[in-house]
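Subject: The structure you asked about

Hi,

Here is the structure, with the sequence alongside. Have a look at it first, and then read on for what turned up.

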Amino acid sequence: MKLGWIGIHEEGIPALDAVCSAGYQVQGVMTLAKEAATGRAGSACYADICRPYHVPVYEVGHVNDDRSLEILKAWDCDVLVVLGWGQILSPEVLRLPKIGAVGAHASLLPRNRGSAPVNWAIINGEAQTGNSLIWLVPDVDAGDVIDQRSFPISSYDTCRTIYDAVAESNRDMLLSVLPKLADGVILGSAQPESDAPLLPRRRPRDGAIDWQNSTSQIYNLIRAVTRPYPGATTEFRGQALKIWTAAAMPELKTGLPPGTPIGPVRSPRPEGCGQLVATGDGAILILEAEDGLGRVLTGRELCEQNWTQRGLANAA
């Protein structure tokens, strides 16, 4: 069985490595050219994985352009695997593989169709998410479900740890499904009907912290858009400040306006140091921040910053 592969995000790397290692015939990997991939969070270099397996890599601007179509036709593949891509495949592309095009969506479909499902699940405080392997169709995240895996979202998870679980499930589901497809087994069942709207795209500006929100809402936002995403942002003395890591505090009534820096929290252990900031219902401890000069501040260095009263956006 001949496979074609399309991907740019890190979530597809373990699956590609495992499929190549298992001896499947991968005709080639299509990924985004550097200029097209710039600014895409979680982008990975697929050439590094392909090189040891002697799998050719093709860099393109868009999967549906003429050059991409020529490459895909030349592969003459049975199954086209599309993981961590982001561009909707045209009907012409979807007709090329003999068996079909397989993709994945990082949610338990039909729940959380649309963009950035992992980030939204954390932002919304969901306790569980998962990953769905589906047959790709021209509509968004609407194909028949081949397999699904679920996993919890704990209060300690970030977008990185959940995407690690997504990547592992991509690998496990594909390794389970490909032998069945090679044997001619027909897989997949229609998704249940859902009237839920598609999740909207997220942009860097959507990471702005509203200090009027509760501690849990701010904590969820910070861990949902931390690396490899652009980070949660606020303003400090008129300049942008990124917040990469924080700790949610227990109920703590400060009586201070939201966004007011309360003061440094010191510890002999660097990871325990930070700056305490008032929120809409309490306080949150900032453990890692990046200033306007690109300096990442943690530990004692962060503690010794003069985060004076009225220093952050939304402070009264």
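A quick definition before the tour: two strands count as paired if DSSP finds at least two bridges between them. With that in hand, start at E12, where Leu285 has Leu276 standing opposite. Leu276 belongs to strand E11 (residues 274-278), which is joined to E12 by 4 bridges and runs antiparallel to it. One caveat to keep in mind throughout: this is a predicted model.

**Around E12**

The link from E11 to E12 is a hairpin with 4 residues. E12 also pairs with E9, again antiparallel, through 6 bridges, and there Ile286 of E12 has Ala246 opposite. A third antiparallel partner is strand E13 (residues 296-298), held by 3 bridges; here Glu288 faces Thr298. The E12-E13 hairpin has 5 residues between the strands, and among them Gly294 takes a positive phi near 85°.

How covered is E12? Mostly: 8 of its 8 residues are buried.

**The cores**

The largest nonpolar core has 36 residues, and the ones touching the most other members are Val118, Ile209, Trp211, Ile222, Ile284, Ile286 and Trp307. Elements giving two or more residues to this core include helix H6 (117-123), helix H8 (215-224), strand E8 (232-236) and strand E12 (283-290). If you click on Trp307, look beyond its neighbours within four places in sequence: the contacts there include Phe236, Leu241, Pro261, Val277, Ile286 and Leu312, plus Gln275. A second core, separate from that one, has 27 residues, including Ala44, Cys50, Leu133 and Leu181. As background, nonpolar side chains tend to be buried together in soluble globular proteins.

**The seven-stranded sheet**

Elsewhere there is an open sheet of 7 strands with mixed pairing, in the order E3-E2-E1-E4-E5-E6-E7. Its edges are strand E3 (57-60) and strand E7 (145-152), each pairing on one side only. From one strand to the next, the twist averages 20°.

Strand E6 (residues 128-135) runs antiparallel to E7, with 7 bridges between them; Thr129, for instance, has Phe151 in E7 as its bridge partner. Helix H7 (residues 159-182) packs on this sheet, touching E1, E4, E5, E6 and E7, and its direction makes about 150° with that of E7. Helix H4 (residues 66-75) lies across E1, E2, E3 and E4, at about 170° to E2.

**The largest pocket**

Which residues lie nearest the centre of the largest pocket? They are Arg40, Trp85, Gly86, Ser115 and Ala116, out of 46 that line it. The space in this pocket comes to about 1400 Å³. E5, H6 and E6 each supply at least two lining residues, with E5 giving the largest share, at 3 residues.

**The chain as a whole**

The protein chain has 9 helices and 13 strands. Of its 316 residues, 49% count as buried. Its C-alpha atoms fill a box of roughly 65 × 40 × 35 Å along the principal axes. Among contacts between residues at least 6 apart in sequence, 66% join residues at least 24 apart.

If you only have a minute, zoom in on Ile286: this residue stands opposite Ala246, and Trp307 is in contact with it.

Cheers

Definitions and conventions
Residues are numbered from 1 along each chain as its sequence is written. This is a predicted model: local features need pLDDT of at least 70, side-chain atom pairs count only at pLDDT 80 or more; totals for chains, interfaces and linings use all residues. Side-chain values use heavy atoms; hydrogens and water are left out. Axes are lines fitted to C-alpha atoms, for helices over the stretch in contact, and angles run from 0 to 180 degrees between N-to-C directions. Contact means heavy atoms within 4.5 Å. A nonpolar core is a set of buried Ala, Val, Leu, Ile, Met, Phe, Trp, Tyr and Cys residues joined through side-chain atoms within 4.5 Å. Buried means under 20% relative accessible area, exposed over 50%, partly exposed in between (1.4 Å probe, protein chains only). On a 1 Å grid over the protein atoms alone, a cavity is a set of points where a 1.4 Å probe fits but cannot get out, and a pocket is an open set with protein on both sides within 12 Å along at least five of seven lines; lining residues have an atom within 4 Å of a point. Grid points are joined across faces, edges and corners, and a volume is the space filled by probe spheres set on the points.
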